[in-house]
Amino acid sequence: MADYTLHDPDGRTVARFPVLDATVGANSVDVRALLDTAGITTYDPGFSSTSSCNSAITFVDGDNGVLLYRGYSIDQLVEHSSFVEVAYLLLFGELPTPAQLQSFTHDVTYHSMLHEQLSSFYRGFRRDAHPMAVLLGVVGALSAFYPDSIDVFDPRQRLVSIERLIAKMPTITAMAYKYTIGQPFVYPRNDLDYCSNFLHMMFSVPAEPYEPSKILSKAMNALLIVQADHEQNASTSTVRTVGSSRANPFACVAAGISSLWGPIHGGANEAVVNMLQELGSKANLPDAIRRAKDKNDPFRLMGFGHRVYKSYDPRAKVMRRIYEELLEELDLGNDPLFELAKELERLALEDDYFVQRKLYPNVDFYSGLIMKAIGIPINMFTAIFALSRTVGWLSHWKEMIEDPDQRITRPRQLYVGPAQRPYADIAHRSVNGSPAKLPAGPAMPGEKSIVGG
Ligand code: CMC
């Protein structure tokens, strides 16, 4: 493919840049020499047109609603694979042979217990702490418990920490839940598969026998596969950024959890179900659509829209199908929240505002309903997302460390602040432009006391 040529306003060639070929999807202009050759930078807040790295893990075609993990469609993977098999695929590039799967399954099973001292760590949190707050604290703390596997330059240590994280995330997540409801922590069972073991740690109690349901386990498997990776999304880019400084993988994944928590990223699954519950009835949907379109109203339709998908998110399609199957298999009849969600989708997809902006339901629109049917409380939804996305984060972290082109992430900026100016003596300073005190509003908890609530 031809080079990309940059001209000055008089039409003179300033610089030529090679164009790098993608296997499928958009090619990239390699602008690494731009600042040195032309003295300018590119400006792309939110990185809509920036490829931050090479990656061979996941491909998204946003116009045609396609999502592939290492070339395989998510529909086929959900149909035929276990989550552990998909984790292997994302990490190592190929579907495992029976022997490889057996060995990998063994490794991610026999690392599932937590250091017993971590239980005390949980007890330091308030009972009503959000599970994502607990998750990011505990995952960050793992770096203090496993100093033997944080040398990122040692491939063996990298692999051990990857296996530890994949194995321990279900335990860590289930313990966060048990802690908030005041039930004893439940130890993992190595005779169960990954999803059944997670259900066991979430829902069993020492007082009664518990056999994880095959139907719920299958739904959980689909949910984890669909959420496992999504190329350079905000949390994955965060993990790559943190990892680019050679921080240890536990610190990187804790950073990914922080980024995922936001309501317009992974936190949207929780926000969707809260929104549907608040809307309550079909009579309130037209007003919700009106508010979502009003630029003076911060309300948005949660679970709608995506930076990359300008067509129906393929993950939302799978989620909706899985949920319909689950309703049938569990013989739950009509779920009023599902009816509400489908009607909201119908109204939005008929509305010019959503049509013109190509806003469709995304992965989070139906995933919360699946989790609700499994019995997972709403405040745990994003934590379950983090549990599955850990596999994607680690696949990208591994790929990044192994990439010889990788450098520390250090973007440039378009500086718009003051140019150098003389120092202002305190007697001659004005308060213009900087808030001298907090904006007016209701008192914040702890504002009146230095001790806090
Ligand atoms: N409701 C109403 N209007 C919307 C919505 C929405 N959910 N999403 C986008 N728009 C409008 C937006 O106001 C803008 O309109 P205009 O061009 O008139 O200014 C236009 O559509 C483009 O939106 P944008 O905010 O520039 O798009 P973005 O790519 O920066 O943001 C998004 C993508 C996902 C953050 C956004 O669509 C959103 O906030 N959606 C709701 C939250 C959500 O469901 N997040 C989950 C995303 S998928 C899973 C994940 O990331 O974990």
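Colleague: What makes the approach of Gly303 to an oxygen atom of the ligand a polar contact?

Modeller: In this predicted model, a polar backbone atom of Gly303 is 2.8 Å from an oxygen atom of the ligand; a polar contact is a pair of N or O atoms within 3.5 Å, and therefore this pair counts as one.

Colleague: Which residues have an N or O atom 2.9 Å from a nitrogen atom of the ligand?

Modeller: A backbone N or O atom of Phe304 lies 2.9 Å from a nitrogen atom of the ligand, and for Tyr353 an N or O atom in the side chain is 2.9 Å from a nitrogen atom of the ligand. With the protein in place, 76% of the 930 Å² of accessible area that the ligand has on its own is covered.

Colleague: Which residues come nearest to the ligand, and how is the shell around the ligand divided by class?

Modeller: There are 21 residues around the ligand, and of these His265, Arg300, Leu301, Gly303 and Arg307 come nearest. By class, the shell is made of ten nonpolar, six polar and five charged residues.

Colleague: Why is the pair of Phe92 and Phe104 called edge-to-face?

Modeller: The structure holds 15 aromatic pairs. In the pair of Phe92 and Phe104, the ring centres are 5.9 Å apart, which is within the 6.5 Å needed for a pair, and the planes stand at 90 degrees, which is over the 60 that edge-to-face requires, so the name applies. This pair links distant parts of the chain, since Phe92 belongs to helix α3 (residues 83-92) and Phe104, twelve residues apart from it, to helix α4 (residues 98-109).

Colleague: What is said of phi in Arg70 and Glu231, and where do these residues lie?

Modeller: Arg70 has a positive phi of about 50 degrees although it is not a glycine, and its place is the loop between β6 (66-69) and β7 (72-73). Glu231, likewise a residue other than glycine, has a positive phi near 40 degrees, and Glu231 is found in the loop between α9 (214-226) and α10 (234-244).

Colleague: How do you know where the predictor's confidence is low?

Modeller: The protein chain averages a pLDDT of 93, and 96% of the residues score at least 70, whereas over residues 449-453 pLDDT stays under 50. For residues 449-453 the model has three contacts beyond four places in sequence. Where pLDDT is low, the predicted coordinates should not be read in detail.

Terms used
Residues numbered from 1 in each chain as written. Predicted model: local features only at pLDDT ≥ 70, side-chain atom pairs only at ≥ 80, totals over all residues. Heavy atoms only, no water. pLDDT = per-residue confidence, 0-100. Contact = heavy atoms within 4.5 Å. Near = heavy atom within 4 Å. Polar contact = N/O pair within 3.5 Å; in protein donor to acceptor, adjacent residues only side chain to side chain. Areas by Shrake-Rupley, 256 points an atom, 1.4 Å probe, with all protein chains shown as cover. Nonpolar A, V, L, I, M, F, W, Y, C, P; charged D, E, K, R; others polar. Phe/Tyr/Trp six-rings, centres within 6.5 Å; stacked < 30°, edge-to-face > 60°. Helix = DSSP H or I, 4+ residues; strand = E, 2+ residues; numbered from the N terminus.
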